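Here are some exercises to work through with the structure open beside you. Try each task yourself before reading its solution.

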Amino acid sequence: MSDAAITAAVESAVARGYHRLRTSALSHIEAEPFLRAGFEPDQQLALLTRPIQSGFSHRGAGFAIREAHQNGSIAIRRGRRRDHPSVLAVDQAAFEPLWRLDQAGLLDALRATPFRHFRVVRSDADTVLTGYAISGRSGPAGYLQRLAISPHHQGQGTGATLVIDGLRWMARWGATRAWVNTPQHNTGALRLYEHLGFELVPPGLQVLETVLEP
Ligand SMILES: CC(C)(COP(=O)(O)OP(=O)(O)OC[C@H]1O[C@@H](n2cnc3c(N)ncnc32)[C@H](O)[C@@H]1OP(=O)(O)O)[C@@H](O)C(=O)NCCC(=O)NCCS
């Protein structure tokens, strides 16, 4: 983003009565003009990537899926518009306040890439949703945009199952590399991604913030 575009964005936010402005996740090169404009680092994100081969299958991951399906415990299906309230409830329960999505944020995640794969999960015992994942694809790049499992259902292989499902979708459509980012302190998510073959790409990404003065 150019210096002029950042100045215009800041002025527009002030005019609309905002008190703070936060960027999306930026690489260190993308962050430079924001830092020049007075933004300051707010959150450090780990960036991870892994190659995807056609016919993707991950040994450990395949095991997780088999196990879950044998138990009859996980039912994955396409996410629909009418699932949005339940998906947002899962999101609110799973994420700390700063990272929770509202309806607009959910729509942004769904529209972030030209192609998307939106899946929701419920356990046999539950009628409510217990997790969801949004994957996106743009050319050869696949993105794990969003992943959340309700706290009571974590640690049962559901997160891994959804990530593998997303990677298989990417592979099916010819994506050759998958990307994901997560806050550096999110050790649970980092362990999950590293189990599934992702590797850290230093120095990661950052979210910047500025306090606006009227
Ligand atoms: C991260 C998250 C999606 C993982 O989902 P999950 O269903 O609990 O994960 P799984 O049961 O498939 O776990 C797979 C592996 O990930 C690791 N893992 C998952 N959650 C973990 C946690 N809270 N702490 C440590 N390791 C964790 C484990 O190593 C596990 O492997 P194991 O079977 O050898 O223990 C889930 O904890 C969650 O929704 N967290 C809050 C939201 C979030 O952080 N989303 C991702 C942000 S990008």
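**Exercise 1. Work out whether the span of helix α6 fits what is expected at 1.5 Å a residue, and whether the helix is mostly covered.**

Step 1. Keep in mind that you're looking at a predicted model. Start by counting: α6 has 15 residues.

Step 2. Go from the first C-alpha of α6 to its last, and you cover 21 Å. At 1.5 Å a residue you'd expect 21 Å, so the two values are close.

Step 3. Now check the cover. Eleven of the 15 residues in α6 are buried, which makes this helix mostly covered. Among them are T158, G159 and A160, and further along you'll meet L167, W169 and M170.

Step 4. Look just past the helix. There you'll find G174, with a positive phi near 85°.

**Exercise 2. Find out which element gives the largest share of the largest nonpolar core.**

Step 1. The core has 33 residues, and the ones touching the most other members are Y132, V163, A178, Y193 and L196.

Step 2. List the elements that give two or more residues to this core. The helices are α4 (84-94), α6 (158-172) and α7 (187-195). The strands are β2 (40-51), β4 (115-123), β5 (131-138), β6 (141-149) and β7 (177-183).

Step 3. Pick the winner: α6, with seven residues, provides the largest share.

Step 4. Zoom in on Y193. Skip its neighbours within four places in sequence, and its contacts are L48, V180 and F198.

Step 5. Don't stop at one core. There is a second, separate one of five residues, including L26, F34, L205 and L208. As a general point, nonpolar side chains in soluble globular proteins tend to be buried together.

**Exercise 3. Describe the shell around the ligand, then decide whether G188 is buried or exposed.**

Step 1. The shell holds 20 residues, of which Q154, G159, A160, G188 and L192 come nearest to the ligand.

Step 2. Ask where the shell comes from. β6, α6 and α7 each supply at least two residues, and α7 has the largest share with six.

Step 3. Sort the shell by class: eight residues are nonpolar, eleven are polar and one is charged.

Step 4. Take G188, which sits in helix α7. It has 12 C-beta neighbours inside 10 Å, and the cut-off for exposed is 12 or fewer, so G188 counts as exposed.

Step 5. Compare sequence with space. G188 and G155 are 33 residues apart along the chain, while their C-alpha atoms are 9.4 Å apart.

**Exercise 4. Decide whether I74 is buried or exposed.**

Step 1. Locate I74 in strand β3, which runs over residues 74-78.

Step 2. Count neighbours: I74 has 22 C-beta neighbours inside 10 Å. The cut-off for buried is 20 or more, so I74 is buried.

Step 3. Find a distant partner in sequence. D124 is 50 residues away from I74, yet the C-alpha distance is 6.5 Å.

**Exercise 5. Check whether the radius of gyration of the chain agrees with that of a compact globule.**

Step 1. A compact globule of 214 residues would come out near 17 Å. The chain has 18 Å, so the values agree.

Step 2. Add the wider picture. Seven helices and nine strands make up the list of elements, and the C-alpha trace spans about 60 × 35 × 30 Å along its principal axes.

Step 3. Finish with a detail: P202 and P203 are joined by a cis peptide bond, with omega about 5°. P203 lies in the loop between β8 (199-200) and β9 (205-211).

Conventions:
Residues are numbered from 1 along each chain as its sequence is written. This is a predicted model: local features need pLDDT of at least 70, side-chain atom pairs count only at pLDDT 80 or more; totals for chains, interfaces and linings use all residues. A nonpolar core is a set of buried Ala, Val, Leu, Ile, Met, Phe, Trp, Tyr and Cys residues joined through C-beta atoms within 7 Å. Helices (H or I, at least four residues) and strands (E, at least two) are DSSP runs, numbered from the N terminus. Two residues are in contact if their C-beta atoms, placed from the backbone, lie within 7 Å. A residue is near a molecule or strand if its C-beta atom, placed from the backbone, lies within 6 Å of it. Ala, Val, Leu, Ile, Met, Phe, Trp, Tyr, Cys and Pro count as nonpolar, Asp, Glu, Lys and Arg as charged, and the others, Gly among them, as polar. The radius of gyration is taken over C-alpha atoms; the globule rule is 2.2 Å times the number of residues to the power 0.38.
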